[in-house]
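Me: I have a protein model to go through, and I would like short, reasoned answers. Please keep to what can be computed from the atoms.

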Amino acid sequence: GFSSGLSIIKKLESEEGQEVDPTIGILNTLRGAGPDRGNTYDNLALDYVLDTQDELGKQKIKQGKVLDILFEITDGGSSREDASKDAVNKMDEAGIHANAFQIGEVDSSEKRTFNNVWNNGENKRGLIVGDDIEKLLPAITEALKKHLSGVRM
């Protein structure tokens, strides 16, 4: 999760390597939600994803053996626009398929920033969903279809 800082809301595995109850992560996310959470430093979360990949994982992505997909759901623009744009470009270079969905009521400045970070250049990776949250799941589904259509077993 990100706002003015970065926090790991839910680990994929426990310290002992066992699965974690997904309900815990959902509850922690909701506990932290609110209008006064601060800024949108999404570059912190994006950089974290890039920095925590090991070399073997990076090689498998480059070889096409692993498909790495990242979805960012945000209600704002990026507070550090250039750093976020740089992180998104680094994800492209690493072979990570990053997409973002902007939800909620956003002003024209936030839309401009979002589009500059996620839709500037040849890869259009961002979609402004707006305040009709029912459009979020179909948008994510379409993005998954796009990324998974080329998967060969």
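The questions below start with the overall fold, then take up the sheet, the helices and a group of polar side chains.

Me: What kind of model is this, and how many helices and strands does the protein have?
Reply: The model is predicted. From the N terminus on, its elements run α-α-α-β-α-β-α-β-α. The secondary structure comes to six helices and three strands.

Me: What share of the contacts in the protein with a separation of 6 or more comes from residues 24 or more positions apart?
Reply: The protein has 153 residues, of which 31% count as buried. Among contacts with a separation of 6 or more, the share from residues 24 or more positions apart is 76%.

Me: In what order do the three strands lie in the sheet?
Reply: The sheet is open, and its pairing is parallel. Strand 1 and strand 3 stand at the edges with a single partner strand each, so one side of each has no neighbour in the sheet. Neighbouring strands are turned by 20° against each other on average, direction ignored. The order is 1-2-3.

Me: How many bridges join strand 1 to strand 2, and how many join strand 2 to strand 3?
Reply: Both pairs run parallel. One bridge partnership links threonine 74 with glutamine 102 in strand 2, and another links phenylalanine 101 with leucine 127 in strand 3. Strand 1 and strand 2 are joined by six bridges, strand 2 and strand 3 by four.

Me: Which side chains of strand 1 point to one face and are buried?
Reply: In a regular strand the side chains alternate between the two faces of the sheet. Strand 1 shows this alternation, with Ile69, Phe71 and Ile73 pointing to one face and not buried. Those that point to the other face and are buried are Leu70, Glu72 and Thr74.

Me: What angle does the direction of helix 5 make with that of strand 2?
Reply: Helix 5 covers residues 108-118 and packs on the sheet. It touches strand 1, strand 2 and strand 3. Its direction and that of strand 2 make an angle of about 175°.

Me: Why do the buried residues of helix 6 lie on the same side?
Reply: The buried residues of helix 6 are Leu136, Ala139, Ile140, Ala143 and His147. An α-helix has 3.6 residues a turn, so residues three or four places apart point the same way. The buried residues of helix 6 pack against strand 1, strand 2 and strand 3. They lie on the same side of helix 6 because the arc they cover around the axis is only 95°.

Me: How far does helix 6 reach from its first C-alpha to its last?
Reply: Helix 6 spans residues 136-148 and has 13 residues. At 1.5 Å a residue, the expected reach is 18 Å. The computed reach is close to this, at 18 Å.

Me: Against which elements do the buried residues of helix 4 pack?
Reply: Helix 4 has 14 residues and reaches 20 Å from its first C-alpha to its last. Its buried residues are Glu81, Ala83, Ser84, Ala87, Val88, Met91 and Ala94. They pack against helix 2, helix 3, strand 1, strand 2 and helix 5.

Me: Which residue follows helix 4, and what is its phi?
Reply: The residue after helix 4 is glycine 95. Its phi is positive, near 85°.

Me: What separates the C-alpha atoms of alanine 87 and leucine 46?
Reply: Alanine 87 lies in helix 4 and is buried, with a relative accessible area of 1%. Leaving aside neighbours within four places in sequence, alanine 87 is in contact with Leu46, Asp47 and Leu50. Alanine 87 and leucine 46 are 41 residues apart along the chain, and their C-alpha atoms are separated by 6.0 Å.

Me: Is serine 78 buried or exposed?
Reply: Serine 78 is in the loop between strand 1 and helix 4. Its relative accessible area is 10%, and the cut-off for buried is under 20%. Serine 78 is therefore buried.

Me: Which side chains make polar contacts with that of aspartate 42, and at what distances?
Reply: Aspartate 42 is in helix 2 and is buried, with a relative accessible area of 1%. A polar contact of 3.5 Å joins the side chains of serine 78 and serine 84. The side chain of aspartate 42 makes polar contacts with those of serine 78 at 2.9 Å and serine 84 at 2.6 Å.

Methods: Residues numbered from 1 in each chain as written. Predicted model: local features only at pLDDT ≥ 70, side-chain atom pairs only at ≥ 80, totals over all residues. Heavy atoms only, no water. Helix = DSSP H or I, 4+ residues; strand = E, 2+ residues; numbered from the N terminus. Expected span 1.5 Å × (residues − 1). Buried < 20%, exposed > 50% of the residue type's maximum accessible area, 1.4 Å probe, protein only. Arc of directions from axis to C-beta. Contact = heavy atoms within 4.5 Å. Polar contact = N/O pair within 3.5 Å; in protein donor to acceptor, adjacent residues only side chain to side chain. Pairing = 2+ DSSP bridges. Axes fitted to C-alpha atoms, helices over the stretch in contact; angles between N-to-C directions.
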